[in-house]
Structures are given as structure tokens and as C-alpha cells.
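Grab a pencil and work through these exercises with the structure open beside you. Try each task yourself before you read its solution.

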Amino acid sequence: MNIADIAVPEYIEVDAGERLAKVRSLFERENPKGIIVTEDGEYAGVVGEKQLIRSRMEDDTKVSAVMTPAPEIDRHEDIREAARLLIEGGVKIAPVYEGEKLYGIITGDAILRAVIDSLDANTVEQVYTAEVITITEDENVGQAINRLRKNSISRLPVLNESGKLTGVITTNDIVNFVIREQDRQGSGDRSGDLDRMLDLPVYDLMSGPAITAQPGETTQEAVERMFENDISGLVVTPSSSETKVAGVLTKTDVLRSLTYTEREGMDVQISNIDLLDTISRGHVVESIEKVAKKYQKMQVFHAHVRLHEHKEKLRGTPLIQCQIRLRTSKGQVIGTGEGYGAEHAFHVALDKLERNMLEIKGINADEEYRGQLLRKLGEL
């Protein structure tokens with residue numbers, strides 16, 4: 001199946017020199033998944049809500065300062081490959097070309113709607129993100145923004161003082177609140193007002209109660225719930241309690257699952273692949289496969305490498321955070337590390353991943369020994 005029938009020719013376009021104020025108003029009025037940015041009539045990139053909260057940019061800032069590259073996708077591209085390109089580009093929208101002509105756009109939502117009937121093959125447990133970042137009700141909006149930005153995520157489950165799940169705060173909640181406040185206050189110097197916004201408790205902006213999913217549900221049921229509630233993710237809670245957080249399932253996680261294959265070996269996917277500097281995609285894949293081969297009893301189905309660039313630099317080289325997440329026959333295994341440059345960050349994360357795999361192997365070995373001992377005792 002290709003994307004010819006789900007790519008749409010209607011899209012919102014702005015010039016790279018346009019003011020950020022216009023983009024904010026477009027998001028409020030049109031609620032798009034993203035906006036195509038052009039420069040001198042040529043495609044230059046896209047801008048989404050995530051880019052709008054990356055820093056305290058003034059309304060007069062040019063759109064070119066916040067736009068991000070997105071892959072150019074052929075109108076007749078395979079739907080799985082289109083999903084992979086969106087994931088690796090770290091975007092929700094990409095330009096679609098018919099030959100050399102810009103035809104329109106493709107979105108992650110359009111892909112999910114097209115394949116939703118086939119999503120009953122996987123369960124939430126197989127694709128959700130188990131390593132979850134949370135925030136408490138009494139922490140402030142500024143802390144929420146920093147946590148979202150630092151971890152390159154779009155939502156935070158909110159916990160009360162007892163550690164129980166009470167809601168969710170998202171980039172969308174924050175962007176909408178800032179736009180409403182700015183419109184209400186009118187023009188002028190808003191620096192003091194912005195500081196007061198950042199000091200507000202998360203409780204004032206969060207959505208509650210949180211809309212959840214359970215590990216045993218199909219991804220089809222979970223995605224249908226996201227569409228019904230016009231949200232991009234669900235908090236995953238164990239069957240035993242709706243107030244405990246087991247993880248998060250997002251539309252991005254489900255899109256990523258579309259790229260899994262049945263072939264022997266594993267798929268390796270890299271988000272924000274443009275951050276790779278002195279290493280190649282081939283080196284990343286080979287290094288992960290080398291680690292995985294050491295643990296034959298733990299079959300690795302899929303690897304996801306996510307790179308995130310911080311503002312800090314050392315002699316011009318940016319600080320990079322790298323997370324490697326493996327989907328294995330023993331569950332998810334994660335390794336995270338930071339370093340100056342993608343190569344350093346990747347190898348720090350790879351070392352942590354291998355230590356975590358060794359730990360799981362040790363636990364399994366202990367359980368196997370315990371079982372053997374109990375069987376021998378039973379024979380006495």
C-alpha cells in the first residue's frame with residue numbers, strides 16, 4: 001500500500017521570513033499538524049507546536065529560526081517507508097512530491113487512519129514506551145517546559161503528592177495557554193506576564209483525569225481512543241491500578257511499530273538522523289547488532305535510536321543525548337547517555353544498554369538456577 005490516496009494537496013504554507021506571531025495565530029485558528037515553510041518559493045522545512053516552545057522567542061522572530069528539516073516523500077512511496085521517514089525525521093508532517101513538483105503533505109494521522117483496521121495485530125504492551133518522565137501537580141509550568149524540551153517528548157503524566165496519576169500536561173496545553181494569554185493581554189512588553197505564566201502550577205494547565213490504556217489492549221483500540229478524544233497519546237496503566245503509571249503510548253510509538261518486519265534479525269530506526277556527525281547509520285546498526293548477538297536467548301526484534309541536541313557546546317560541538325531502546329523477547333531494554341557529538345553520546349548509551357542487558361541476563365540466570373534447585377529438592 002502506498003500513500004497516493006492519503007497524501008492531500010491542501011496545506012498551510014508560510015514564508016521563512018514571516019513573523020512567529022503569524023504562525024502562532026495559524027496554529028490557534030487552523031489547528032494544523034504542522035506548517036510547510038518555503039523560501040524564495042522553494043520548500044525549506046516545517047514548523048510544529050514542539051518548535052514553538054523550544055525557547056522564549058518573541059513574536060517578531062522569523063519562522064526560519066524555529067523551522068526544522070523534514071524528509072521529502074514521493075507521492076507513490078510505500079506507507080511503511082513513509083512512516084519510517086516521519087519517525088526518523090522527528091516530524092508529524094512532511095511534504096509530498098509528484099516528480100519534482102510539491103504536491104501536498106502527508107501526516108502521521110493520515111497514515112494511522114489508513115491502516116487502523118490492521119492495528120489489532122499488536123498489543124499496547126508490545127509498542128509502548130516503558131521509560132516514562134512524570135511531573136507533580138505542584139511543580140510549575142516552567143519546569144514542565146524544561147522537562148519536555150530536555151527529554152524531547154510531548155507529554156508528561158501528572159502525579160499528586162501521593163504519587164497517583166491525576167492528569168497529563170502536553171506541549172499543546174502549554175502552547176494554547178500562552179496564545180490565549182497573549183491575545184487577552186494585547187500587545188506590549190509581556191516579559192513579566194510570561195514569567196508569571198511559567199510560575200503557575202502544573203495543576204492549573206493539566207488535563208484530567210488522564211485518558212489511559214492497558215497493556216493487554218490492541219493498538220487499534222488505543223489509537224481509536226486517541227482519535228475519539230483528539231489527543232496524541234495515552235498513559236499506560238497496569239490492569240491492577242488506574243492510578244499507577246506503567247508507561248506512555250503515543251501515535252509515534254504506533255507509527256514506529258508499522259516499520260517492524262518479520263525478517264530475521266532486527267530493524268534499526270534512528271530519530272533525528274541528521275544529528276549523526278562522525279559516524280554513519282551503518283556503524284550504528286552494526287554496533288547494536290554486535291551487542292545483541294552476545295545474548296542469543298534474548299531475541300531482539302527492533303531497535304530505536306533517538307538523538308536529541310542540547311544548546312550546550314564544547315569547542316563548537318553540541319552536547320547530544322542518545323537513547324537506544326530495544327524491543328526484545330524479554331521486554332524492553334533501554335540505554336541512555338550523553339556526550340559531545342553523536343558518536344560519543346551513542347557509545348555511552350550503548351555501554352549502558354549492554355550493562356542493562358547483562359543485568360537482565362543475570363536475573364534470568366538466577367531464576368533458572370532457582371528452578372533447577374527446586375526441582376532437585378522435589379526429587380528428594
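Two strands count as paired when DSSP finds at least two bridges between them. Keep in mind as you go that this is a predicted model.

**Exercise 1. Find the order of the strands in the sheet that holds β4, β5 and β6, and work out which of them stand at the edges.**

Step 1. Start with the order. The three strands form an open sheet, arranged β4-β5-β6, and the pairing is mixed.

Step 2. Look for the edges. β4 (73–74) and β6 (101–107) each have a single partner strand, so one side of each is left without a neighbour in the sheet.

Step 3. Zoom in on one pair. Strand β5 (residues 93–98) and β6 run antiparallel, and six bridges join them. Within this pair, Tyr 97 stands opposite Leu 102 in β6.

Step 4. A bit of background helps here. Strands of a sheet pair through backbone hydrogen bonds, either parallel or antiparallel.

**Exercise 2. Decide how enclosed helix α3 is, and look at what sits at its start and just after it.**

Step 1. Go through the helix and pick out the residues under 20% relative accessible area, since that is what buried means. In α3 you should get Ile 79, Ala 82, Ala 83, Leu 85, Leu 86, Ile 87, Glu 88 and Gly 89.

Step 2. Weigh that up against the helix length. Eight of the 11 residues of α3 (residues 79–89) are buried, so the helix is largely enclosed by the rest of the structure.

Step 3. Check the start. There, a side-chain oxygen of Asp 78 comes to within 2.9 Å of the backbone nitrogen of Arg 80.

Step 4. Now look past the end. Gly 90 follows α3, and its phi is positive, near 65 degrees.

**Exercise 3. Work out whether Gln 321 is buried or exposed, and which residues it touches.**

Step 1. Place the residue. Gln 321 belongs to strand β15 (residues 317–328).

Step 2. Read off the accessibility. Gln 321 has a relative accessibility of 8%, so it counts as buried.

Step 3. List the contacts, skipping residues up to four places away in sequence. Gln 321 touches Lys 150, Asn 151, Arg 306, Leu 307, His 308, His 310, Thr 336, Gly 337 and Glu 338.

Step 4. Compare sequence and space for one more residue. His 344 is 23 residues from Gln 321 in sequence, and their C-alpha atoms are 9.6 Å apart.

Step 5. Follow one contact back. Asn 151 sits in helix α6 (residues 141–151), and because its relative accessible area is 15%, it is buried too. Leaving out neighbours within four places in sequence, Asn 151 is in contact with Ile 133, Arg 306 and Gln 321. A polar atom of the Asn 151 side chain also lies 2.9 Å from the backbone oxygen of Arg 147.

**Exercise 4. Find the salt-bridge partners of Glu 30, Arg 75 and Arg 147, and sort the residues by exposure.**

Step 1. Recall the idea first. Side chains of opposite charge can pair when their charged atoms come close.

Step 2. Take Glu 30. Its salt bridge is with Arg 29, and the closest N and O atoms are 3.5 Å apart. Glu 30 is partly exposed at 45% relative accessibility, whereas Arg 29 is exposed at 57%.

Step 3. Move on to Arg 75. This one pairs with Glu 98, with 3.0 Å between the closest N and O atoms. The pair links distant parts of the chain: Arg 75 is in the loop between β4 and α3, while Glu 98 is in strand β5, 23 residues apart. Arg 75 is buried at 18% relative accessibility, but Glu 98 is partly exposed at 33%.

Step 4. Finish with Arg 147. Its partner is Glu 139, and here the closest N and O atoms are 2.7 Å apart. Arg 147 is partly exposed, with a relative accessible area of 22%, while Glu 139 is buried at 16%. Elsewhere, salt bridges with shared partners join Asp 253, Arg 256 and Arg 325 into one network.

Step 5. Put these pairs in context. The whole structure has 10 salt bridges.

**Exercise 5. State how many helices and strands the protein has, and what share of its residues is buried.**

Step 1. Count the elements: there are 12 helices and 16 strands.

Step 2. Turn to burial. Of the protein's 380 residues, 49% count as buried.

Methods. Residues are numbered from 1 along each chain as its sequence is written. This is a predicted model: local features need pLDDT of at least 70, side-chain atom pairs count only at pLDDT 80 or more; totals for chains, interfaces and linings use all residues. Side-chain values use heavy atoms; hydrogens and water are left out. Helices (H or I, at least four residues) and strands (E, at least two) are DSSP runs, numbered from the N terminus. Buried means under 20% relative accessible area, exposed over 50%, partly exposed in between (1.4 Å probe, protein chains only). Contact means heavy atoms within 4.5 Å. A polar contact is a pair of N or O atoms within 3.5 Å; within protein, one must be able to donate a hydrogen and the other to accept it, and residues adjacent in sequence count only if both atoms are side-chain atoms. A salt bridge is a side-chain nitrogen of Lys or Arg within 4 Å of a carboxyl oxygen of Asp or Glu.
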